[in-house]
Amino acid sequence: EIRVAKRLDEVGFSDIVQIRNRVLELRTAGQVVHAFHGGEPFFETPEAIKYAMMRALVENRTKYAESSGIAPLREAIADKLKTKNSLDAGIEDVMITAGGAHALYAAFQSVLDPGDDVLLFSPYWTPIRDMITVAEARPLLIPTATARRNGLTKTLEHFTTPKARAIYYNTPQNPSGVVFSRAEAEEVAAFARAHNLIVIADEAYEDLVYEGEHVSIASLPGMAERTITAYTFSKTYGMTGWRIGYAVAKEPFMTAVRKIVLYSSNGVSTPTQWAALKALALSRSMIDARREEYRQRRDLLVKGLNEAGLECETPEGAFYAFPSVTKIHKDSRRAAALLLDKAHVVTVPGVVFGAQGEGHLRFGYAVSPESIEAGLEALHRFVKG
Ligand code: PLP
């Protein structure tokens, strides 16, 4: 019998790929589609970053780099971690990875043994569940809304098991837009210390917080040594296609992460790293300006969704709205299909992000205000009709 490794039988390709294909089909057929299914910034990579890449090429910075990443980039990241994240990290605590996704993959591979359990707030970013499964561990779903209502500690205590080894902590969250408060971060940290858990923190959207503050959980007392944090250039700098991010951890986890990256990719392309160095040198005011643009898009979309009768809380961060769509159909896959076929409004069914996302649709608002308005108009027409 010819077959692949058994652990891959448990995971598949996401619904989002199928949705993307359907959109291409409609567009090819000349139809106007209102695309809210994406998760990419609305702006292009800043020119200065592109020129830094070209310069690196012209200067022949094209050879193997240290597999941890070029030193100037890791130094600049260590500085950023101090000023922005209140993390006391040195160059030895930073590993450059092929995007946040690779940092997260390396983190899970570094801490999980077969049969371990991982606490996972749900709804969650879909690939996380698959990464846990590929590590032959089991996700324990924590319903985020219930946990926030009834208390995080109480809920985590209720769902944890003696086999729990790690907790995935994503703030701001995809798909819900939830931003955990400092008090909530402190609760999760206390729980992790009490149960001797490793925290795998995902801060991909750290620069997209509209209400409250972004707290890096590793900055809390006693947490740096038990946290692996994943960061990315994708969302902040409009660099999704460049595939660059980084993992931050102390020993023994950093050596483990280095091994996984070494065996899987042996590091990120050298010119890309020089370009990322330029990104970190850009003024923070650019990031602040983008955040205000996102905020306006968010407010426009959330208002329109509520007016159409799709109940939607105002997301505190990231660039997704996650309204209830039971008014259209209680099955979110059916609701998404109806919206797509009848109104050409493209969303992602909430159930894709875990059972706790059922009854919701994810609308990404990293698109132009004009596209949001046109999409809302199509949605209103559909709901009325
Ligand atoms: N984490 C979350 C929650 C995300 O939504 C994403 C991208 O959508 C990532 C991590 C990783 O992004 P990338 O691999 O492009 O850095």
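**Figure 1. Close-up of the packing of helix 12 against helix 14 in the predicted model.** In this predicted model, helix 12, which covers residues 284-307, packs with helix 14, which covers residues 369-384, at an angle of about 5 degrees, and the axes of the two helices are 10 Å apart. Because angles under 35 degrees count as roughly parallel, helix 12 is described as roughly parallel to helix 14. On the side of helix 12, the residues that take part are Gln-296, Arg-297, Leu-300, Leu-301 and Gly-304, and they meet Pro-369, Ile-372 and Leu-376 of helix 14. Sorted by class, the residues of this contact comprise 5 nonpolar, 2 polar and 1 charged.

**Figure 2. Close-up of the crossing of helix 3 and helix 11.** Helix 3 (residues 71-85) and helix 11 (residues 270-281) have axes that come within 9 Å and cross at roughly 30 degrees. With that angle, helix 3 is roughly parallel to helix 11, and the crossing in which helix 3 passes helix 11 is left-handed. From helix 3, the residues Pro-72, Leu-73, Ala-76, Ile-77 and Lys-80 meet Gln-273, Ala-276, Leu-277 and Leu-280, which belong to helix 11. The contact of helix 3 with helix 11 is made up of 7 nonpolar residues, 1 polar residue and 1 charged residue.

**Figure 3. Close-up of the contact between domain 1 and domain 2.** The protein chain is divided into domain 1, which consists of residues 6-44 together with residues 285-384, and domain 2, which consists of residues 47-281. The C-alpha centres of these two domains lie 25 Å apart, and 30 residues of domain 1 are in contact with 30 residues of domain 2. On the side of domain 1 that touches domain 2, the elements that give two or more residues are helix 12 and strand 9 (320-321), and helix 12 gives the most, with 5 residues. This side of domain 1 has 14 nonpolar, 7 polar and 9 charged residues.

**Figure 4. Close-up of the residues around the ligand.** There are 13 residues around the ligand, and of these Gly-99, Gly-100, Ala-101, Thr-232 and Ser-234 come nearest. Helix 4, which covers residues 99-111, provides the largest share of this shell, namely 3 residues. When the residues of the shell around the ligand are divided by class, 3 are nonpolar, 9 are polar and 1 is charged.

Methods:
Residues are numbered from 1 along each chain as its sequence is written. This is a predicted model: local features need pLDDT of at least 70, side-chain atom pairs count only at pLDDT 80 or more; totals for chains, interfaces and linings use all residues. A residue is near a molecule or strand if its C-beta atom, placed from the backbone, lies within 6 Å of it. Helices (H or I, at least four residues) and strands (E, at least two) are DSSP runs, numbered from the N terminus. Ala, Val, Leu, Ile, Met, Phe, Trp, Tyr, Cys and Pro count as nonpolar, Asp, Glu, Lys and Arg as charged, and the others, Gly among them, as polar. Axes are lines fitted to C-alpha atoms, for helices over the stretch in contact, and angles run from 0 to 180 degrees between N-to-C directions. Angles under 35 degrees count as roughly parallel, over 145 as roughly antiparallel, 65 to 115 as roughly perpendicular and the rest as oblique. A crossing is left-handed if the near helix is turned anticlockwise from the far one by less than a right angle, and right-handed if clockwise. Two residues are in contact if their C-beta atoms, placed from the backbone, lie within 7 Å. Domain bounds come from an automatic or database domain assignment.
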